[in-house]
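Trainee: Got a minute to go through a model with me? I'd like to start with the contact between chains and then look at some helix packing.
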Amino acid sequence: MAITTAMCTSFKKEVLEAVHNFKLSGGDTFKLALYAISSGGKSSTTATLGAATTAFTTAGEVASSGSYATGGGSLTRIDPSSSGTTGFTDFSDLSFTTATITARGALIYNSSDSNKAVCALDFSGDKTSTAGTFTITFPAAAASTAIIRIA
Amino acid sequence: MLDVTASFSVGTVDVTTTDNRGLSVEEVAQRAVDKILYIADEAPEPLREQAATFKDKIHEIIVYYIKHAVDQDRATVAAKLREAGFPELARNLRSL
């Protein structure tokens, strides 16, 4: 059982089918859900996330706490852009406040379209907030850093 | 035969957490600065140094104005609390 940073394979196919819309205006709603790989999850099953993930799953998701509600938080889209030969898009940072959370990774998914998975993120270790703020800081929206890039 | 290739990549997120408090003004300012100015790893050293100095300056300015905004907001909330008959709560808020 593990969480591996990866672009979901189903997402790559769905991009070719025009399933996902990341535009700032009129785009789909994307959410980020947090997952634990051991006892931090709300259920006894632990999360397995990676390239093979096709949709949001409750298995291993952390429990609601503070402003974190199961299903995760909505992401604020940053308009897709390009630089050189790379197209990219990004999201604004996301914070959950007054939250007691231990998470090992996250899943970004499209809640406007059957919760289809976009990418899995491995935090490289357990991250814990205790009655505090749990913040996910997204990378700069640039060709070499943005969260989603097509080169 | 022509072959066109494209690759998908996932960026790296950072996670910061706090215990029994929210983010400090300095922490929020750092996040803002990191969004405003990104220094590429492959940028030439003199440019990187210049950008880092500029980044520090921007950080100072943002910290100052966030603190000012927090103070002003607390002043407004304190005034509302006093108006509503909670002068002690207003005093406690102003002393934070």
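Mentor: What follows goes through the chain contact and then one helix pair, in a model that is predicted.

Trainee: Fine. How many residues does each chain put into the contact?
Mentor: Chain A contributes 32 residues and chain B contributes 22.

Trainee: Which strands of chain A supply at least two residues each to that side?
Mentor: Those are β1 (6-7), β7 (116-137) and β8 (148-150) of chain A. The most comes from β7(A), with 14 residues.

Trainee: And what is that side of chain A made of, by class?
Mentor: It has 17 nonpolar, 11 polar and 4 charged residues.

Trainee: Which strand of chain B does β7(A) join, and how do the two run?
Mentor: β7(A) is joined to strand β2 (residues 14-17) of chain B by 4 bridges, and the two run antiparallel. Within that pairing, I136(A) is opposite V15(B) in β2(B).

Trainee: Changing topic: at what angle do α2 and α3 of chain B pack?
Mentor: Helix α2 (residues 45-83) and helix α3 (residues 87-94) of chain B pack at about 170 degrees, and their axes are 7 Å apart. Angles over 145 degrees count as roughly antiparallel, so α2(B) and α3(B) are roughly antiparallel to each other.

Trainee: Left-handed or right-handed crossing?
Mentor: α2(B) passes α3(B) in a left-handed crossing.

Trainee: Which residues meet there?
Mentor: From α2(B), R74(B), V77(B), A78(B), L81(B) and R82(B); from α3(B), P87(B), L89(B), A90(B), L93(B) and R94(B). By class, this α2(B)-α3(B) contact has 7 nonpolar and 3 charged residues, with no polar ones.

Definitions and conventions:
Residues are numbered from 1 along each chain as its sequence is written. Chains are lettered from A and ligands numbered from 1 in the order in which they are written. This is a predicted model: local features need pLDDT of at least 70, side-chain atom pairs count only at pLDDT 80 or more; totals for chains, interfaces and linings use all residues. Axes are lines fitted to C-alpha atoms, for helices over the stretch in contact, and angles run from 0 to 180 degrees between N-to-C directions. Angles under 35 degrees count as roughly parallel, over 145 as roughly antiparallel, 65 to 115 as roughly perpendicular and the rest as oblique. A crossing is left-handed if the near helix is turned anticlockwise from the far one by less than a right angle, and right-handed if clockwise. Two residues are in contact if their C-beta atoms, placed from the backbone, lie within 7 Å. Ala, Val, Leu, Ile, Met, Phe, Trp, Tyr, Cys and Pro count as nonpolar, Asp, Glu, Lys and Arg as charged, and the others, Gly among them, as polar. Two strands pair if DSSP finds at least two bridges between them.
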